[in-house]
Each structure stands twice: as C-alpha cells, then as structure tokens.
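Grab your viewer and a coffee. Below is a set of short exercises, each with a worked solution to check yourself against.

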Amino acid sequence: MIVEYIRYRIGRQDADEFESAYARAAVSLAAAPQCVEYELSRCVEEPESYILRITWTSAEDHLQGFRGGEHFPAFFAEIRPYVKQIEEMRHYERTPVRGAGASVPSVYEWAGGGEAFERLTEAFYARVLKDDLIGPLFAHMDPHHPAFVAMWLAEVFGGPSRYTGERGGYSSMLSHHTDKAITEPQRRRWVSLLMDAADEVGLPDDPEFRAAFFGYIEWGTRLALSNSQLGATPPKQAPVPKWGWGVAPPYIPSP
C-alpha cells in the first residue's frame, strides 16, 4: 500500500464549502477499489491548512487505475475548484515505525491479562474433553496444552510474545492442525464451547470486547479448518497474528 498526502491552504471563508465538496467527492473515493481509506484533517493552529490522507493499494493503482477509472470524473468535478490551493501532493511509503498508544487498552489488557486467558482455556478444555464431537481430537492432549493456548491467545490480543519465544510461534501452532481433517461441525462446536467458557470464567461481556474476541476466534478457526485438510499447503512461516479492536474500541465513559 501507499499513502498519498495532499496539503491545501483554504481561506476561512471557503472552508465550509471545501469540506462539503470533499464530503461529496468522498463518495467516489469510497467506491473506488483502489482506495483503502481516506481522511481529511484541519490544522488547529492554522485553520487555513488542511491535509488529505488517502491510502491506495499502490501508486500505480492510484495514478492509472483510479485516475483512468470510472470514479475519477465525479471525484475531480467536486475538488477541481481547489486544485490551485494545493501546496503538496506526494506519495509516501509506510515504514515499520508505527504502533498504538496507551489511550486505548489492548484487547489483552481489557480481558484481564494472562491470568484471564489461563482461566478461559482451563475451563474450555474441561468442556472439550467431555464433548462427544471434538473430545476425540484431544484424547491424547498434553496436560500443558491449555496453558500453551492461553499463551497464544494472549500474544494474539496484544500481550507478551511468550508463544513466539517459548513455543516457536506460528509454525508451532500450525503443526497442531496439520492433517487433522477438522470438519465444519467440529469447528463450530469448538467456537461454541469457547464462548460458553468465556461466560463461565467472566471474561468481559461488553459488545466491543466480545465482537473483537469472537472476530478473531471465527477467523482463526476457519483458517485452522482449512489448514488441517489433507493436502493443504499453508505457508510454513508467518508472524503470530495481532488482533485489535477493529472498528469498535471499548466504550470508556467520561469521568
């Protein structure tokens, strides 16, 4: 992906219409398959200064795909009056230097930390071993397996990277699913029992946490199902996924 920054200087008398024009132009941006996301920001110290940030799938997709595509004419018609007020228009590559601040807790922190995930997996696997459908898959389970899965979940949701450091990371997790031929009914039972265990041990039940938590579980179990099929060829090396809040961070009432 590539990030385009466009800097405008717009007189205060034109600010309202400028923002309205971009709100109309954004309809075309949102419809363009080359556009990943966009945001128009206004400077607090210098209200005449605006920055439009657009993330494109690539510079070529922007310059050729979007500008030569069906959505550009309607977009440009709206912003044409302000082209002469552009002070900079460039593409930037992202660097590895990025991350989240502490104003929003990680899913790991919101869940209650490592101890919460350990309670979850202990309760979960107690249910699993009694289950007729998926119990046989875990008949010879290592007694430490619940703790290892807790380490994995903790790392996925923003906690310490212990599973990578102590258990081998993604490739180790992948090895537990290879050639297991998991079925869709088994996957669904796994998810159902995990959600029941989350209720049992008192994981947060606010909509934002449960949406983020369930989102990863649904995504991860579907990958596990696919990777477990005979003849599957998933990548052997990959980072442990990092799962955040998505579009709905936790609701924290104002003090």
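The exercises go through cores, a buried residue, empty space and salt bridges in this predicted model.

**Exercise 1. Find the residues that touch the most other members of the largest nonpolar core, and say which elements build that core.**

Solution.
- Step 1: start with the membership. The largest nonpolar core has 38 residues, and F117, L120, L153, F157 and F213 touch the most other members.
- Step 2: map the core onto elements. Two or more residues each come from α4 (107-111), α5 (114-129), α6 (145-156), α9 (184-201) and α10 (207-227).
- Step 3: pick out the main contributor. That's α6, whose eight residues are the largest share of this core.
- Step 4: zoom in on F117. Skip its neighbours within four places in sequence, and the contacts of F117 are Y108, A111, A150, L153, A154, F157 and F213.
- Step 5: look for another core. There's a second, separate one of 20 residues, with I10, L29, Y50 and I79 among them.

**Exercise 2. Decide whether V240 is buried or exposed, then work out what V240 touches.**

Solution.
- Step 1: place V240 in the chain. V240 sits in the segment after α10.
- Step 2: check accessibility. The relative accessibility of V240 is 9%, and the cut-off for buried is under 20%, so V240 counts as buried.
- Step 3: list the contacts. Leaving out residues up to four places away in sequence, V240 touches W152, E155, V156, T164, G169 and Y170.
- Step 4: compare sequence with space. V240 and Y163 are 77 residues apart along the chain, yet their C-alpha atoms are 8.7 Å apart.

**Exercise 3. Count the cavities of 30 Å³ or more and describe the lining of the largest cavity.**

Solution.
- Step 1: recall the idea. Rolling a probe the size of a water molecule over the atoms shows where empty space is left.
- Step 2: count. There is one cavity of 30 Å³ or more, and the largest cavity holds about 30 Å³ of space.
- Step 3: read off the lining. Its residues are H145, F148, V149, Y163, R167, M173 and H176.
- Step 4: assign elements. At least two lining residues each come from α6 and α7 (162-167), and α6 gives the most, with three.
- Step 5: sort by class. You get four nonpolar, two polar and one charged.

**Exercise 4. Describe the largest pocket and the second largest pocket by volume, lining and class.**

Solution.
- Step 1: take the largest pocket. Its volume is about 840 Å³. Out of 34 lining residues, M173, H176, H177, W190 and A224 are the closest to its centre.
- Step 2: find the elements. α6, α8 (170-175), α9 and α10 each give two or more residues to this lining. The largest share is from α10, with eight residues.
- Step 3: sort the lining of the largest pocket by class. It splits into 22 nonpolar, eight polar and four charged residues.
- Step 4: move to the second largest pocket. This one has about 220 Å³ of space. Of its 18 lining residues, R67, F72, F75, I79 and M89 are the closest to the centre.
- Step 5: assign its elements. β1 (2-9), α1 (15-31), β3, α2 (59-66), α3 (72-79) and β4 (86-92) supply at least two residues each, and α3 gives the most, with four.
- Step 6: sort again. The second largest pocket is lined by 15 nonpolar, one polar and two charged residues.

**Exercise 5. Count the salt bridges in the whole structure and place a few of them.**

Solution.
- Step 1: get the total. The search turns up 21 salt bridges.
- Step 2: try R53 and E39. Their closest N and O atoms are 3.2 Å apart. R53 is in strand β3 (residues 49-56) and E39 in strand β2 (residues 35-42), 14 residues apart. At 40% relative accessibility, E39 is partly exposed.
- Step 3: try R90 and E88. Here the closest N and O atoms are 3.7 Å apart. R90 is exposed at 53% relative accessibility, whereas E88 is buried at 13%.
- Step 4: try R162 and E166. Their side chains meet at 3.0 Å, N to O. They're separated by about one helical turn because they are four residues apart in helix α7. R162 is partly exposed, at 37%.
- Step 5: look for a network. Salt bridges link E184, R187, R188, E218 and R222.

Key
Residues are numbered from 1 along each chain as its sequence is written. This is a predicted model: local features need pLDDT of at least 70, side-chain atom pairs count only at pLDDT 80 or more; totals for chains, interfaces and linings use all residues. Side-chain values use heavy atoms; hydrogens and water are left out. A nonpolar core is a set of buried Ala, Val, Leu, Ile, Met, Phe, Trp, Tyr and Cys residues joined through side-chain atoms within 4.5 Å. Buried means under 20% relative accessible area, exposed over 50%, partly exposed in between (1.4 Å probe, protein chains only). Contact means heavy atoms within 4.5 Å. On a 1 Å grid over the protein atoms alone, a cavity is a set of points where a 1.4 Å probe fits but cannot get out, and a pocket is an open set with protein on both sides within 12 Å along at least five of seven lines; lining residues have an atom within 4 Å of a point. Grid points are joined across faces, edges and corners, and a volume is the space filled by probe spheres set on the points. Ala, Val, Leu, Ile, Met, Phe, Trp, Tyr, Cys and Pro count as nonpolar, Asp, Glu, Lys and Arg as charged, and the others, Gly among them, as polar. A salt bridge is a side-chain nitrogen of Lys or Arg within 4 Å of a carboxyl oxygen of Asp or Glu.
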